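Colleague: I am new to this structure and would like a close look at one part of it. Please begin with the whole, then narrow down.

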Amino acid sequence: MTDKKENPHNDSDNANSSDIQAHLDALLSGKVESSKPKRSKKTDETHSQSESTQVNNVKRSEEKQDKPSAITTVDEEKIKSSKRPLLKRTPLLFAHEWAAIKTIVILVVMAAGLIYLISPNGQVQRYEVVGTHELSDKTVLNAAGLRTGQSLLATVNQSDYFSQEAKRKNPQINHLKLSIKSDNTLQVKVDEIVKVGYVKAGNKYYPILENGSMLNQGLSNQQVGGLPLYDGFTSDKQLRKTLAEFGKLSDPLRHAVSEIVWSPNSQNNQRLLIYMNDGNEVLISADELSKKMKYYPGMVAQLKQTGVADLQVGAYFKPYD
């Protein structure tokens, strides 16, 4: 009888298969724990922390992507707004409508102006003449061509024209100026050239003005207005100088003189002999006539007799013999 030798490989195979079967049965019955290797508590905690850190980093990166910066937002808004189409505003009125309105306004203003000019409120109802000494109001208005009923504004605006007309028609009017005094009244301010006396030519007396002009209105055989007669003058220069000085005197003093005679001598080549209406005589220099003649009324007021008042050098009075 031959002894059977045990095969070690067969025995080990049978053992392994039986172990595997037993292990499977145990797994199925739930009695055996998972064959996965166990981790220590410390390893698990480290693993969980790393996982949570990774999750937080992922969330932060997502938040940063979801929430762009303020600068990025502004830039994006600018880009968006620049891409938006601009809305065109419709004008309240078109150009031709504005032109029509302007035309209507101008026509209304012109119509109102015309109505005012032709209405009584726009016409001159009265003239007030000021600045005259010898000329009457009627003489000034006739010379200038001023009448009531004329347009108030048009007349004032043509003041220079009326001034030239008045000067051309009357040499005594040097200039006049118009201004509105009230609603329907115009003031006429006159710069008058006063008469300062007469020059006798033949049997006529011609009035002369302070600027040396001689008026053409000849007055036969008489002096008018109490103004003096000029006599003895041999040159126009002498006469004009005396006229200019005499015109500076006050109106009462000018009318107190009867005659002015050019009477030079060896001591004074500009001496004037003046005959007064009160019977006195005055000796005075032509170039000082307006300066010294104004003292005459005060001098004679203290005298009780007539005589000669010498005002050439100083002032003294010599009674008639």
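Colleague: About how much area does the protein chain expose, and what share of it do carbon and sulfur atoms supply? After that, please go through helix α5 and what its buried residues pack against.

Modeller: This is a predicted model, in which local features need pLDDT of at least 70 and side-chain atom pairs count only at pLDDT 80 or more, while totals for chains, interfaces and linings use all residues. Residues are numbered from 1 along each chain as its sequence is written, and side-chain values use heavy atoms, leaving out hydrogens and water.

The protein chain exposes about 22,700 Å², and carbon and sulfur atoms supply 54% of it (Shrake-Rupley method, 1.4 Å probe). Of its 321 residues, 28% count as buried, meaning under 20% relative accessible area.

Helix α5 covers residues 137–144; helices are DSSP runs of H or I with at least four residues, strands are E runs of at least two, and both are numbered from the N terminus. V140, L141, A143 and A144 are buried in α5. Viewed down the helix axis, the buried residues lie within an arc of 165°, so they line one face of α5; the arc is taken from the directions from the axis to the C-beta atoms. They pack against β1, α7 (159–169), β2 and β3, where contact means heavy atoms within 4.5 Å.

The three strands are linked too. Strand β3 (residues 185–192) pairs with β1 (residues 126–130) in the parallel sense over 5 bridges; pairing requires at least two DSSP bridges. V130 has K189 as its bridge partner in β3. Strand β2 (residues 173–182) pairs with β3 in the antiparallel sense over 8 bridges, and H175 stands opposite D191. These two strands form a hairpin with 2 residues between them.

Terms used: Buried means under 20% relative accessible area, exposed over 50%, partly exposed in between (1.4 Å probe, protein chains only).
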